[in-house]
Amino acid sequence: MIELTDEQKNAVAKAQSTFTDLKNDSDPLSDKHLALLFGEARSMNGWQDKEVSNDMVKSIYELTKMGPTSTNCCPARFKFIKSDDQKQLLKEALLPNNVEKVMSAPVIAIIGYDLDFSDNMSKLFPHMDVAPMYKGNAEFNQATAFRNSSLQGAYFMMVSRALGLDCGPMSGFNNDLVDQTFFKDTNIKSNFLCCIGYGDPSKIFMRLPRLDFDDACEIL
Ligand SMILES: Cc1cc2nc3c(=O)[nH]c(=O)nc-3n(C[C@H](O)[C@H](O)[C@H](O)COP(=O)(O)O)c2cc1C
């Protein structure tokens, strides 16, 4: 059983009332908003020549960081590539058929995971000492970092869409080269790239089928 301090007990009560008030005062998203986020949203292959401001990038991160991760470990690290010289460095690592799609994007997020994420656990999970669980098990540490950074990458895409942007996720690149170029002398590894910006509808590919409920799901 975890013993909470009085301050922590107050924080629990505040979190519960904040959440209850929000739910009591909210409707589910409209069909249109669900379509924009999921049903009709598309992966982008080209971009309009329209800037994405640094403030917008920061706003995306501020919501992305609130998505859940196991033991609140928050392993994702983001590099936002905007400048031409940094784009040129990234270009070296791209598969040929991804070059044009990436180079024309106003912002490319390199979504990585920090294998030293547990160094932050005393801040992120202060009521329990979980760092040794990760430090002492390299395989579990890697799986946790990769799983949760992938989730955070997905939150990043959904937040970007919710704020009116489009996304072009991409794993067709040389991870080792990206790591050497952008995460040198760290324990951060690249997971995937995600272009963000205002998509060029004329570059959208045909919609590919998805698996039906009965092919992918089972209710037991
Ligand atoms: C993690 C990830 C990696 C991807 N890698 C690439 C890629 O290297 N090149 C590419 O053109 N598209 C890539 N895509 C885009 C997928 O092909 C696309 O999301 C999928 O076909 C669904 O398209 P839709 O969202 O427009 O329906 C990737 C998507 C994800 C989520």
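Which residue in β4 is the bridge partner of Ile111? In this predicted model, that partner is Phe192. The pair lies within a sheet that is described first, followed by the ligand shell and two loop residues.

The sheet is open and has 4 strands. Their order is β1-β2-β4-β3, and the pairing is antiparallel. The edges are formed by β1, residues 76–81, and β3, residues 166–170. Each of these edge strands pairs on one side only. From one strand to the next, the twist averages 25 degrees. Strands of a sheet pair through backbone hydrogen bonds, either parallel or antiparallel.

Strand β2 spans residues 107–114 and is joined to β1 by 6 bridges. These two strands run antiparallel. Two positions fix the register between them. Phe78 stands opposite Ile111 in β2, and Lys79 stands opposite Ile110 in β2. The pairing of β2 with β4 is also antiparallel, and 8 bridges hold that register. Ile111 thus has Phe78 opposite and Phe192 of β4 as a bridge partner.

Burial in β2 is complete by count: 8 of its 8 residues are buried. In a regular strand the side chains alternate between the two faces of the sheet. In β2, Val107, Ala109, Ile111 and Tyr113 point one way. Ile108, Ile110, Gly112 and Asp114 point the other way. Both sets are buried. Asp114 is therefore a buried residue of β2, with at least 20 other C-beta atoms within 10 Å of its own.

Phe192 also belongs to the ligand surroundings. The shell includes Arg42, Ser43, Asn98 and Lys101. Pro169, Met170, Ser171 and Gly172 are part of it as well. Arg207 and Leu208 join Phe192 to complete the list. By class, the shell divides into 4 nonpolar, 4 polar and 3 charged residues. Pro169 and Met170 fall in the range of edge strand β3, residues 166–170.

Two residues other than glycine have positive phi values. Phi of Thr71 is near 45 degrees. Thr71 sits in the loop between α3, residues 54–64, and β1. Thr71 is partly exposed, because 17 other C-beta atoms lie within 10 Å. Phi of Asp185 is near 60 degrees. Asp185 lies in the loop between α9, residues 175–182, and β4, residues 188–197. Asp185 counts as exposed because it has 6 C-beta neighbours inside 10 Å, and the cut-off for exposure is 12 or fewer.

How values were computed:
Residues numbered from 1 in each chain as written. Predicted model: local features only at pLDDT ≥ 70, side-chain atom pairs only at ≥ 80, totals over all residues. Pairing = 2+ DSSP bridges. Axes fitted to C-alpha atoms, helices over the stretch in contact; angles between N-to-C directions. Near = placed C-beta within 6 Å. Nonpolar A, V, L, I, M, F, W, Y, C, P; charged D, E, K, R; others polar.
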